[in-house]
Amino acid sequence: MNRTRVLAALGTAALVAGLTAPTAFAAPAPAADQNPSAFRTSSYTPSSHGGENQAANRQFFEAVMKSALKKQAAKPGIQAVTVTYSTRRAPSFRGQIAQSTQIWNSSVNNVKLQEAGSGTDFEYREGNDPRGSYASTDGRGHGYIFLDYRQNQQYNSVRVTAHETGHVLGLPDHYSGPCSELMSGGGPGTSCTNPRPNAQERQRVDSIWALGVAALKDEGELTKIR
């Protein structure tokens, strides 16, 4: 399995089919990010700009997966891919981040989230932004999760964090879904407090990352993941 085949499979199984649900796009407010080239790929609440930047969401996810695969290619007998993150720029939400990553780690088998001090695959940030919380990318595959103070007071903060983390694992928004669906985000309203992915979401993430694990195990291909 070469790199082209791996990425093609990932795109087909995880993102092309999955990104039919609306995603949000907007230029970031200065309070959230001073980088004028950055843009939001998805948000916790619905936006009038749904579906405009599905390619950016795909780039963010693929970059995270390629980074994780590359770092773990040297580890023999791999059973799950480890995605590392930093909370250095979101100290107020360390508790919520820990809870949401624990939820994901107990829900899926083929990928695990782990906090690290440096060289991480993505990071969490916090601040004030009138558009709320979102996943953001610079358009070149690098990204972060932004957690807005006010929105995390209005909505269940662990659900918000777990929802945004779901984007890193390859899931799109689906605002019309019920509260039992994590990726419905803020669609069901502020009364929804469910922070856990449903069975379909768990299965989808495992299927997505199983392709990555298969790439690592494919004899002779470990060193070709770049």
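What is the mean pLDDT of the chain, and what share of its residues reach 70 or more? This is a predicted model, and the mean is 78, with 70% of residues at 70 or more.

Allow me to begin with confidence along the chain. Among the elements, helix α3, residues 94-107, has the highest mean pLDDT, at 98, whereas helix α1, residues 3-16, has the lowest, at 42. Two stretches remain under 50 in pLDDT: residues 1-37, with 91 contacts beyond four places in sequence in the model, and residues 219-226, with 15 such contacts. Where pLDDT is low, the predicted coordinates should not be read in detail.

I turn now to the interior. The largest nonpolar core comprises 34 residues, and those touching the most other members are Val83, Trp104, Phe122, Tyr124, Val205 and Trp209. Elements that contribute two or more residues to this core include α3, α5 and α6, together with strands β2, β3, β4 and β6. Helix α2 gives the most, namely six residues. As for Trp209, its contacts beyond four places in sequence include Phe61, Val64 and Met65, as well as Val81, Val83 and Val168.

Finally, I would draw attention to His167, which lies in helix α5. Is this histidine buried or exposed? His167 counts as buried because its relative accessibility is 2%, and the cut-off for buried is under 20%. Its side chain makes a polar contact, at 3.4 Å, with the side chain of His163. Further away in sequence, His167 touches Ser42, Asn57, Phe61, Ala135, Pro172, Asp173 and Met183. Of these, Ala135 is 32 residues away in sequence, yet the C-alpha atoms of Ala135 and His167 are 7.2 Å apart.

Notes:
Residues are numbered from 1 along each chain as its sequence is written. This is a predicted model: local features need pLDDT of at least 70, side-chain atom pairs count only at pLDDT 80 or more; totals for chains, interfaces and linings use all residues. Side-chain values use heavy atoms; hydrogens and water are left out. pLDDT is the predictor's confidence in each residue, from 0 to 100. Helices (H or I, at least four residues) and strands (E, at least two) are DSSP runs, numbered from the N terminus. Contact means heavy atoms within 4.5 Å. A nonpolar core is a set of buried Ala, Val, Leu, Ile, Met, Phe, Trp, Tyr and Cys residues joined through side-chain atoms within 4.5 Å. Buried means under 20% relative accessible area, exposed over 50%, partly exposed in between (1.4 Å probe, protein chains only). A polar contact is a pair of N or O atoms within 3.5 Å; within protein, one must be able to donate a hydrogen and the other to accept it, and residues adjacent in sequence count only if both atoms are side-chain atoms.
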